[in-house]
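Colleague: Could you take me through one part of this model closely, in a single connected account? I would like to follow one buried side chain outward to the elements around it.

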Amino acid sequence: MTHRPRMRRTEVPAYMMEKHGIPLAVATLNKLASIGGGPVMQYAGRIPLYRPEDLDTWANEYLSKPVHSTAERHAS
C-alpha cells in the first residue's frame with residue numbers, strides 16, 4: 001500500500017481494495033469526477049490527485065451501515 005501524500009487516479013483502485021475492501025474501477029473514478037459523488041481530489045496541473053485521508057472519508061460515506069438483511073438496507 002502506498003504511503004505517499006497523494007495518489008494518481010490509476011493508483012486509487014488498489015488502495016481502496018487493500019484498505020477498505022471496496023472494488024473500484026478507474027473508469028468509475030473517471031465518471032464520478034465528471035458527474036460528482038466521488039472522492040475529493042486536487043489537481044497538479046491537469047493531473048487529478050487523491051489524498052489517502054480523503055479516500056478514507058469517502059469510503060466511510062460510501063459504505064452503508066451494517067445490516068442483518070436486505071430489507072434493512074432500504075428501511076432507513
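**A buried aspartate and its surroundings**

Modeller: Leaving out residues up to four places away in sequence, D56 touches Y15, K19 and H20. This is a predicted model, and D56 belongs to its helix α3. D56 counts as buried because its relative accessibility is 16%, which is to be set against a cut-off of under 20%. The burial of D56 is shared within α3, which spans residues 52-62, by P52, D54, L55, W58 and A59. Taken together, the buried residues of α3 pack against β1, α1 (12-20), α2 (26-35) and β3.

From the other side of this packing, α1 has V12, P13, Y15 and M16 as its buried residues. Viewed down the axis of α1, these residues fall within an arc of 160°, so they line one face of the helix. The cover over them includes β1, α2 and β3 as well as α3. After α1 comes G21, which has a positive phi, near 70°. I22, for its part, is in contact with M16, M17, A59, Y62 and L63, once its neighbours within four places in sequence are set aside.

Several of these residues meet again in the largest nonpolar core, which has 12 residues: M7, V12, Y15, M16, I22, L24, L29, L32, Y50, L55, W58 and A59. The elements that contribute two or more residues to this core are α1, α2 and α3.

The strands that take part in this packing, β1 and β3, belong to an open sheet of three strands, ordered β1-β3-β2 and paired in the antiparallel sense. Because β1 (7-8) and β2 (42-44) stand at the edges with a single partner strand each, one side of each is left without a neighbour in the sheet. Between β2 and β3 (residues 47-50), the antiparallel pairing runs over three bridges, and A44 has I47 of β3 as its bridge partner.

As to how far the coordinates can be trusted, the protein chain has an average pLDDT of 92, and 95% of the residues score at least 70. Among the elements of the chain, β3 has the highest mean pLDDT, 98, whereas helix α4 (residues 70-75) has the lowest, 80. Where pLDDT is low, the predicted coordinates should not be read in detail.

Notes: Residues are numbered from 1 along each chain as its sequence is written. Side-chain values use heavy atoms; hydrogens and water are left out. Two strands pair if DSSP finds at least two bridges between them. Helices (H or I, at least four residues) and strands (E, at least two) are DSSP runs, numbered from the N terminus. Buried means under 20% relative accessible area, exposed over 50%, partly exposed in between (1.4 Å probe, protein chains only). Contact means heavy atoms within 4.5 Å. A nonpolar core is a set of buried Ala, Val, Leu, Ile, Met, Phe, Trp, Tyr and Cys residues joined through side-chain atoms within 4.5 Å. pLDDT is the predictor's confidence in each residue, from 0 to 100. The arc is that of the directions from the helix axis to the C-beta atoms.
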